[in-house]
Amino acid sequence: MRVLVLNAGSSSLKASVLDSDGLAAMAQVEVSLGTDASRGRGVVGPVRSALKQLGQTTSMDSVEAVGHRVVHGGMRFRQPVRVTPSVVRAIDQLSEFAPLHNPVAAATIRAAQAILKPKPHVAAFDTAFHASLPEAAYIYPVPSQWSRDWKIRRFGFHGLSVEWSMGRAAQLLQVPPEELSLIVAHLGSGASVTAVLDGRTVDTSMGLTPLEGLMMGTRAGSIDPGIILYALRKKRLSALRLEKQLWHESGLIAVAGRKAGMRELEVAQQKGNKPARLAIDIFVHRAAAGIAAAATSLPRIDALVFTGGIGENSASIRAAILRRLAALGFAGIAAPEGGGDVLLTEPGWRPAVLRVRAREDAVIASQVSRLVGR
């Protein structure tokens, strides 16, 4: 089956056309949605632009189904589903827990349906892979009413990326996925760490929302909740302003003092920019701490997988994180890196370190094929 995959992220729209048999991308493009897609001018234009660019090499008439990445599926969506009006409404309703992502996903689905309406559309959810979390990992130590009545719990995100990374790690290490004990560090504008044992998630750093965990592009990650209570109690910030700052004005851009991606910050650091250096140091510190924490949920560490925009492309960030993890047995990267998915440590060394290109599109295409075909 030929599948069009639309992956609307917090800063870009990735679009690709795949054959569900080989999962090779026959055509792919990436259209910028700005530093923060949820505060942009909408996605209709970017969707049309992406489809027009794809159409230069692949006929849209040949596409048999469309798959969409959705970040938050809540308790309702634990597997891919065909898109219906009620599904889109539910995705929109979950926006209160993923305001950077779900509104953009819902808008992308509506735009794509308007253009490609006769074709079946399928929503695939980042939270679904983490449905295997044990109670000790997903229940928060808060009053039981919060969990029972408000449905407060850990969901975890980047599940599509983690699923692909697990499969590629198994191939590169020549070990069945169900026999692997590994950590996946998805580092990008959004960042998370997941512990995977025997093919299932056993712990992950993000929680009810994608705010928890590591430092990110515009999100601080985990902070002392007392800070929030102080800001509200002293009326330093309104709830609306606090929400805006936590989602849009924290993380790397807050410490660096400007909107910039990791690549730009690395260039600035090399030129002696102190805020950029501090932002990178905090990012590395928190990423390493997250990886070390994930290790406590595993009986051993067979491998650490770096993926995501920063994890894939920044050798210096990977090296800095690994230096902080020496106590866990991680070695420096001795072998030339090369391109594509690659084992970065010497063959046979454990824990192994791998770099894997994020391929949510491949996982989504597989899910679409199974659902629509069935």
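Me: In what order do the six strands of the open sheet that includes strand 9 stand?
Reply: This is a predicted model, where local features need pLDDT of at least 70, side-chain atom pairs count only at pLDDT 80 or more, and totals for chains, interfaces and linings use all residues. Residues are numbered from 1 along each chain as its sequence is written, and side-chain values use heavy atoms, leaving out hydrogens and water. Helices (H or I, at least four residues) and strands (E, at least two) are DSSP runs numbered from the N terminus, and two strands pair if DSSP finds at least two bridges between them. In this sheet the pairing is mixed and the order is 9-8-7-10-12-11.

Me: Which strands stand at the edges of that sheet?
Reply: An edge strand here has a single partner strand, so one side of it is left without a neighbour in the sheet. The two in question are strand 9 (200-204) and strand 11 (342-343).

Me: Which residue of strand 12 is the bridge partner of valine 342?
Reply: Strand 11 pairs with strand 12 (residues 352-355) in the antiparallel sense, over two bridges. In strand 12, the partner of valine 342 is arginine 355.

Me: What angle does helix 11 make with strand 7?
Reply: Helix 11 (residues 274-295) packs on the sheet and touches strand 7 (181-187), strand 8 (191-197) and strand 10 (303-307), contact meaning heavy atoms within 4.5 Å. Axes are lines fitted to C-alpha atoms, for helices over the stretch in contact, and angles run from 0 to 180 degrees between N-to-C directions. Between helix 11 and strand 7 the angle is about 155 degrees.

Me: How is helix 11 oriented to helix 13?
Reply: Helix 11 and helix 13 pack with their axes 9 Å apart, at an angle of about 55 degrees. Angles under 35 degrees count as roughly parallel, over 145 as roughly antiparallel, 65 to 115 as roughly perpendicular and the rest as oblique. Helix 11 is therefore, relative to helix 13, oblique.

Me: Which residues of helix 13 make the contact with helix 11?
Reply: Helix 11 contributes Ile280, Phe283, Val284, His285, Ala287, Ala288 and Ile291. From helix 13 come Ile317, Ala320, Ile321 and Arg324.

Me: Why do helix 2 and helix 3 count as roughly antiparallel?
Reply: Helix 2 (residues 85-93) and helix 3 (residues 102-115) have axes 8 Å apart. They are roughly antiparallel because they pack at an angle of about 155 degrees.
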